[in-house]
Amino acid sequence: MKGLPAETDFVVIGAGVAGLRAAIELADAGRVLVLSKKDAHSAQGGTDDAVLSDEDEVILHLQDTLIAGDGLCLPQAAKTLVEEGPERIEELIAWGTQLDRPKTKLVFETEASYSHSHVLRAPGESTGGEILRALHAKVQTRKNISVVEFEFSRELLTEDERVTGVSLISDRGLPEEVACSAVLLATGGIGQIYRNTTNPDTATGDGVAMAFRAGAEVSDMEFVQFHPTALYMKKSPRFLLSEALRREGAHLRNIEMNRFMGKYHPLGELAPADVVARAIMHEMEVSGAKDTFVYLDMTHMNPARVQKRFPLIYGTCMKHNIDITEDMVPIRPAAHFGIGGVRTDLQGKTSLAGLYAAGEVAATGAHGANRLPSNALLEGLVFGARAGKTMREELTQAPKRVSRDKKAASQNGPVDAGIEELIGQIQDVMWKDAGIVRTRIGMQEAVKVLEGLAPRVAHPRTRRAHEAANLLLAALLVARSALAREESRGAHYRIDNPAHDDKKFLKHSVVKGGNLKFA
Ligand SMILES: Cc1cc2nc3c(=O)[nH]c(=O)nc-3n(C[C@H](O)[C@H](O)[C@H](O)COP(=O)(O)OP(=O)(O)OC[C@H]3O[C@@H](n4cnc5c(N)ncnc54)[C@H](O)[C@@H]3O)c2cc1C
């Protein structure tokens with residue numbers, strides 16, 4: 001593993017699909033420093049599917065994407081995503097990605113939200129992991145790219161309204177600064193603002209928070225997609241139980257063991273994901289139990305087929321002593337994908353000179369108000385490549401040297417119970433009041449609680465305290481944007497405004513970065 005340089009041409013913050021794809025694009029133009037706050041191979045990648053449109057299916061894929069976006073997709077962004085997707089996937093295959101293809105043909109499968117079959121899988125269940133493996137292998141062949149792990153980016157450095165570098169807390173807990181010509185944010189999502197999330201512990205909204213504090217525009221933060229079915233074991237991370245299980249015939253049962261989806265939608269368990277998530281929340285609420293959940297039931301399905309088709313899910317549940325072919329699986333919905341983020345154009349440029357964004361941290365408008373399942377990996381590839389290309393073409397300024405302020409205090413730990421308790425409060429209030437089903441009163445309460453917590457993270461010193469400050473800022477952006485959107489659309493559902501209001505709200509929310517006033 002290489003150390004941190006004082007300066008480089010490009011800094012890419014994030015070693016997921018978006019960051020790695022961008023780095024490959026940048027490698028011929030200069031020195032590329034890819035930073036990851038954890039082990040670079042731990043980026044989330046996703047566990048399930050990626051989308052590839054066969055040439056004659058691009059129109060259908062676009063149609064499905066626009067329908068899922070519920071009126072709010074930026075058509076050009078969605079078009080770019082689906083049109084450039086096939087090229088990006090073909091390229092990945094040429095770089096060694098293994099996808100399901102008996103003989104020479106790729107295997108396409110149908111998803112509930114798709115009018116056609118254009119979902120691709122890697123053998124097993126980890127398409128994202130397989131894509132990441134191939135991207136890492138490709139990165140290793142480019143000597144201009146250094147991937148440096150366990151370096152925590154805490155702020156963007158700016159001069160004359162241009163981003164000129166990054167300040168970090170190094171793996172040894174020391175403050176560091178790296179000067180560069182341009183920065184790409186590829187830091188992933190914000191899922192950790194919620195008590196229940198499928199996201200990894202790295203998804204603390206660092207990119208959105210850093211960009212916002214530096215003055216960049218942030219957009220569509222109210223739209224957070226929730227996955228209806230995540231394994232619920234009290235002290236364990238919420239493991240995603242794919243929608244494919246319901247497509248294969250899994251049933252949902254409440255704690256009295258009754259199937260309930262028929263009451264909520266004619267398609268029952270195959271209803272759209274947001275309908276299923278809200279139905280589950282309602283069943284949990286009416287159960288009156290405290291730590292409540294519902295069950296996913298696969299006990300009536302062919303056990304051999306279940307094991308063969310879902311080896312990862314089967315194995316993970318077995319680690320919790322749940323045999324999904326014999327036992328009911330306790331589940332809850334969980335925050336899954338942040339649709340909004342740092343606002344970019346189709347070239348990956350943010351509103352701040354020298355700053356670019358791609359992947360889940362970015363808001364291109366391609367997903368509109370809700371993401372079509374499996375479009376996220378594609379987004380990282382397509383817009384990661386685009387952002388890299390733009391950064392390459394716009395490389396004009398040599399990096400300015402920065403003086404390294406080694407005296408300033410910073411550290412990596414130790415674990416601070418107060419900070420963990422504060423993060424817990426953010427997660428609880430967001431889950432309760434700005435989650436799957438929202439009301440004005442609830443969101444006002446969330447904003448009030450979050451603003452009250454703000455002084456406690458006003459001067460963060462450790463990594464975890466910085467993450468807490470970032471979580472708080474991301475949560476506030478979600479809660480305030482959700483409060484302002486007085487309608488329901490896509491992933492944003494308000495019980496007090498259950499319908500669309502096209503007259504007032506057929507537009508993207510945009511918040512200009514800077515100091516968020518906490519009063
Ligand atoms: C369980 C699960 C299943 C999914 N399944 C699918 C699927 O089937 N199909 C699909 O299309 N999408 C899926 N998704 C979504 C998709 O995986 C993600 O949207 C996508 O991988 C995000 O890629 P990214 O490159 O933007 O960020 P990530 O892969 O999250 O990478 C973020 C990187 O940024 C780094 N980072 C963050 N903050 C800092 C910081 N302050 N300093 C330094 N480094 C930092 C992290 O360490 C990490 O390397 C799934 C997501 C989850 C959680």
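## A tour of salt bridges and one helix

This predicted model holds 38 salt bridges, a salt bridge being a side-chain nitrogen of Lys or Arg within 4 Å of a carboxyl oxygen of Asp or Glu. Because the model is predicted, local features need pLDDT of at least 70 and side-chain atom pairs count only at pLDDT 80 or more, while totals for chains, interfaces and linings use all residues. For your selections, residues are numbered from 1 along each chain as its sequence is written, and side-chain values use heavy atoms, with hydrogens and water left out.

**First stop: Lys263 and Glu283.** Select this pair and you will find their side chains joined in a salt bridge, 2.9 Å from N to O. The two residues link distant parts of the chain, 20 residues apart: Lys263 sits in the loop between β13 (251–253) and α7 (273–287), and Glu283 in helix α7. Helices (H or I, at least four residues) and strands (E, at least two) are DSSP runs, numbered from the N terminus. Now turn on the surface: Lys263 is exposed at 62% relative accessible area, whereas Glu283 is buried at 5%. Here buried means under 20% relative accessible area, exposed over 50%, and partly exposed in between (1.4 Å probe, protein chains only).

**Next: Arg440 and Glu486.** This salt bridge spans 3.6 Å, N to O. Arg440 belongs to helix α12 (residues 440–453) and Glu486 to the loop between α13 (463–484) and α14 (502–505), so the pair ties together parts 46 residues apart in sequence. Arg440 is partly exposed, with 36% relative accessibility, and Glu486 is also partly exposed, with 29%.

**Then: Arg494 and Asp496.** Their side chains meet in a salt bridge of 3.1 Å, N to O. Arg494 is buried, with a relative accessible area of 0%, while Asp496 is partly exposed at 32%.

**A network to pick out.** Select Arg21, Glu25, Glu87, Arg88, Glu91 and Arg392 together: salt bridges link these residues in a network.

**Last stop: helix α2.** Select residues 58–68 and look for the buried residues of α2, which are Val58, His61, Leu62, Asp64 and Thr65. View the helix down its axis: the buried residues fall within an arc of 165 degrees, so they line one face of α2. That arc is taken from the directions from the helix axis to the C-beta atoms. Which residues are exposed on the other side of α2? Ile59 and Ile67 are exposed there. Finish just after α2 at Asp70, which takes a positive phi of about 55 degrees.
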